[in-house]
Amino acid sequence: QLQLVESGGGLVQPGGSLRLSCAASGFTLDHYAIGWFRQAPGKEREGVSCISVSGSTNYAASVKGRFSISMNNAKNTVYLQMNSLKPEDTAVYYCASAFLKPCTTGAFGSWGQGTQVTVSS
C-alpha cells in the first residue's frame, strides 16, 4: 500500500525554521515526483514546492529563496526545509506523489495526513 507520512510541523516564531519530512512506504521514490502543498484555514490548497523524477525542483513565488526541497533516497524521504518563516506560512502542509509525471501535473495522489505549521509570536 502506497503511503506518505508527513512530520516535523509545529509552532515557531516569525523568522524561525522548521524541517518537514515526507516518508514513503510501500514504494520507492525513484520514479515519483513529490510535491509539497499547503492549505490555510478558509483558503484553497496551494502548491509550495516539488521535486521531479530527475531531481529538478520548483517553488511557489511566495516561498522561493526561503524554502528548500530535497530527497534522501536511502531513507525514502523528501524534506522541506523552511527558513525565515512568516505568519502567512501558517497552514497544514501535505505531501503527495505522482508516478512518472512532471511537477506540473495535476495528477498527484497518495496524499499524506498533513502536518500543522503555525508561525506566530
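**Exercise 1. The largest nonpolar core**

Determine which residues of the largest nonpolar core touch the most other members, and which strands supply at least two residues of this core.

Solution. In this predicted model, the largest nonpolar core holds 27 residues, and those that touch the most other members are I34, W36, F67, V78, L80, M82 and Y93. Turning from residues to strands, at least two core residues come from each of β3 (18-25), β4 (32-39), β5 (46-51), β7 (67-72), β8 (77-82), β9 (91-99) and β10 (115-119). Within this set of contributors, β3 gives the largest share, which amounts to four residues. As a general background to such a grouping, nonpolar side chains in soluble globular proteins tend to be buried together.

**Exercise 2. The surroundings of M82 and a second core**

List the residues that M82 touches, leaving out those up to four places away in sequence, and then name residues that a second, separate core includes.

Solution. With the sequence neighbours up to four places away set aside, M82 touches G16, S17, L18, L20, R66, F67, Y93 and V117. Apart from the largest core there is a second, separate one of seven residues, and C50, A96, C103 and F108 are among them.

**Exercise 3. The order of a six-stranded sheet**

Work out the strand order of the open sheet of six strands, identify its edge strands, and follow the pairing of β5, β4, β9 and β10 through the sheet.

Solution. The order is β2-β10-β9-β4-β5-β6, and the pairing is mixed. The edges are formed by β2 (10-12) and β6 (57-59), each of which pairs on one side only. Averaged over neighbouring strands of this sheet, and with direction ignored, the turn of one strand against the next is 25°.

The individual pairs can now be taken in turn. Strands β4 and β5 run antiparallel and are joined by five bridges, and here F37 stands opposite G47 in β5. β4 also pairs with β9 in the antiparallel sense, over eight bridges, with R38 placed opposite Y93 in β9. β9 in turn pairs with β10, again in the antiparallel sense, over three bridges, and V92 stands opposite Q116 in β10. As for its surroundings, β9 is mostly covered, since seven of its nine residues are buried.

**Exercise 4. The disulfides**

Find the disulfides of the whole structure, establish the handedness of the links C22 and C95 and C50 and C103, and state the pairing of the bonded cysteines in sequence order.

Solution. A search of the whole structure gives two disulfides. In one, C22 and C95 are bonded with their sulfur atoms 2.1 Å apart, which lies within the 2.5 Å cut-off. The torsion about the S-S bond of C22 and C95 is about 80°, and therefore this disulfide is right-handed. The pair links distant parts of the chain, with C22 in strand β3 and C95 in strand β9, 73 residues apart. C22 and C95 are both buried.

In the other, C50 and C103 bring their sulfur atoms to 2.0 Å from each other, and the link is left-handed, with -80° about the S-S bond. Because C50 lies in strand β5 while C103 lies in the loop between β9 and β10, this pair ties together parts that are 53 residues apart in sequence. Both C50 and C103 are buried, and the second, separate core includes both of these cysteines.

As a last step, numbering the bonded cysteines of the protein chain in sequence order yields the pairing 1-3, 2-4.

Notes. Residues numbered from 1 in each chain as written. Predicted model: local features only at pLDDT ≥ 70, side-chain atom pairs only at ≥ 80, totals over all residues. Heavy atoms only, no water. Core = buried A, V, L, I, M, F, W, Y, C linked by side-chain atoms within 4.5 Å. Buried < 20%, exposed > 50% of the residue type's maximum accessible area, 1.4 Å probe, protein only. Contact = heavy atoms within 4.5 Å. Pairing = 2+ DSSP bridges. Axes fitted to C-alpha atoms, helices over the stretch in contact; angles between N-to-C directions.
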